[in-house]
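Me: I want to know how the labels in a structure are earned. Can we go through some of them together?

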Amino acid sequence: MHVSVDRTMQSTDRTRAVDLSHGLEDVPVLINCSAGVQTLPEFQYSPDNVEGPGCTADPSEVTLPGCSCRSLSCCTESCSCLKIHGQAYDGTGTLLDLSRTDSGYCSPVFECNTLCSCGDTCFNRVVQRGLRLRLEVYSTGNRGWGVRTLESIPRGMFVCEYAGEVISFGEARRRQLNQRSEENNYIIAVREHAGTGSVMETFVDPAVVGNVGRFLNHSCQPNLLMLPVRVHSVVPRLALFAGRDIEAREELTFDYSGGYSNQTPVEVLSTQRDTDVQANRTEGLQRKACLCGANKCAVFLPLDLSILK
C-alpha cells in the first residue's frame, strides 16, 4: 500500500509537523511544514519495495522456505533458517557483524519469514517489523532535505529501509542516462555474492515511489551502513543499520557507493585499469559536488559506472 505525498501538506498548518507516511509506518515520520522551508517533492509513500519496470520477481511474493520452530524465538541449534544462513542478530535484534560490506560485495542477511512457525517476537525478525525509531525529515540548508533521529541509536540497530521501485539493470541505465543535471539520482545498486562466482544485482529507485530512506543524504564518513536483507522474497530489502552509536538530533547518512567508514565501496567496482572505459562512460555526464563536509570527502558524489556499461 502507498499514498501520494505532495505540496498540499504545507497548506493547512504552517508550523505543524505532520506524518510524511500518512500512517503507513507504525511510528510517524515527522516533517516540519513551517513557512519558508523548501518545497516537498511529489512522490508516493510506500514502506516496502514495489515492482517496477523490468523487475522479474514480485517483492511482495513469498518465495523463501520457512523453519518449523515452535518456540517464540528460534535457537541456532535447531532452526533451519539459522543453520543455513547463520545468525545475523543477537538476542536483542542488534546486527552482530558490521563488516559485511568490506569485500566490495554485500553479504546478505536472511530473516525468518511468514512461512516460519516461530513467533513474531523471534530475534531473527528485525527489518520486517518496520520502522521503530522516531525520525524527522528536515531542511539541511545547503544539501536539500535530510533525515535526523529524534532519539539515540546504538551501534548495530536497524534504522530504516531504502524502499522504492525495484527495476531492471536496463531500466536503471535508461533512467540515469535520461536524467537532467538538476535532478537528483536516487538509484541504488546492490551487488551480492550468489555462489559459484556469480553476482546478484538489485536496483532500487525511490524517486517516484519510496519511503523515508529517499531523503537520506550521502556522506563520505557515514553513520549508517546498507545491507540486503531477505525476508519473504528473493528480492532483498535494502536495510540501513547504525554503524556506530548515534546521538539524538544527529543527521543520518550513508555512503551512496555502499561503503562504510571509507572502506571498499559496494557499488563502484571498477579498477584502475578501467580508467579509459570510465572516461568514455561518463562523457557528457555532470558529476555533482559532494557537500558532506567530511574530513576525507571525495569531492564528488559517487556515480555507479556499472549502470552505464
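**Labels and their reasons**

Reply: Start with two strands of this predicted model. S2 and strand S3 (residues 30-32) run antiparallel, joined by 3 bridges.

Me: What makes S2 and S3 a pair?

Reply: The cut-off is at least two bridges. S2 and S3 have 3 bridges, so they pair. Val18, for instance, stands opposite Ile31 in S3.

Me: Where do S2 and S3 sit in the sheet?

Reply: The sheet is open, has 6 strands and follows the order S2-S3-S7-S8-S16-S13. Its pairing is mixed.

Me: Why are strand S2 (17-19) and strand S13 (217-218) called edge strands?

Reply: Each of these two strands pairs on one side only.

Me: Now Thr149, in strand S8. How do you know whether Thr149 is buried or exposed?

Reply: Buried means under 20% relative accessible area. Thr149 has 0%, so Thr149 is buried. Its neighbours away in sequence include Arg134, Leu135, Ile246 and Leu252.

Me: What makes the approach of the Thr149 side chain to the backbone oxygen of Glu151 a polar contact?

Reply: A polar atom of that side chain lies 2.5 Å from the oxygen. The limit is 3.5 Å, so the distance fits.

Me: Why are Phe254 and Tyr256 called a tilted aromatic pair?

Reply: A search of the whole structure finds 7 aromatic pairs. In this one, the centres are 5.1 Å apart, and pairing asks for within 6.5 Å. The planes make 50°. Stacked needs under 30 degrees and edge-to-face needs over 60, so this pair is tilted.

Me: Which of Phe254 and Tyr256 is buried, and which is partly exposed?

Reply: Phe254 has a relative accessible area of 2%, under the 20% limit, so Phe254 is buried. Tyr256 has 21%. That value lies between 20% and 50%, so Tyr256 is partly exposed.

Me: What makes Arg214 a charge over a ring?

Reply: Arg214 lies over the face of Phe43, at 4.3 Å from the ring centre. For Phe215 the distance is 5.0 Å. The limit is 6 Å, so both distances pass. Phe43 and Phe215 also share one aromatic cluster with Tyr45.

Me: What makes a group of residues a nonpolar core?

Reply: Buried nonpolar residues must be joined through side-chain atoms within 4.5 Å. The largest such core here has 36 residues. Leu20, Leu135 and Val137 are among those with the most contacts inside it. S15 gives the largest share, 3 residues. Apart from this core lies another, of 25 residues, including Phe158 and Phe241.

Terms used:
Residues are numbered from 1 along each chain as its sequence is written. This is a predicted model: local features need pLDDT of at least 70, side-chain atom pairs count only at pLDDT 80 or more; totals for chains, interfaces and linings use all residues. Side-chain values use heavy atoms; hydrogens and water are left out. Rings of Phe, Tyr and Trp (its six-membered ring) pair if their centres lie within 6.5 Å; planes under 30 degrees apart count as stacked, over 60 as edge-to-face and the rest as tilted. Buried means under 20% relative accessible area, exposed over 50%, partly exposed in between (1.4 Å probe, protein chains only). A charge sits over a ring if NZ of Lys or CZ of Arg is within 6 Å of the ring centre and within 35 degrees of the ring normal. Helices (H or I, at least four residues) and strands (E, at least two) are DSSP runs, numbered from the N terminus. A polar contact is a pair of N or O atoms within 3.5 Å; within protein, one must be able to donate a hydrogen and the other to accept it, and residues adjacent in sequence count only if both atoms are side-chain atoms. Contact means heavy atoms within 4.5 Å. Lists of a residue's contacts leave out its neighbours within four places in sequence.
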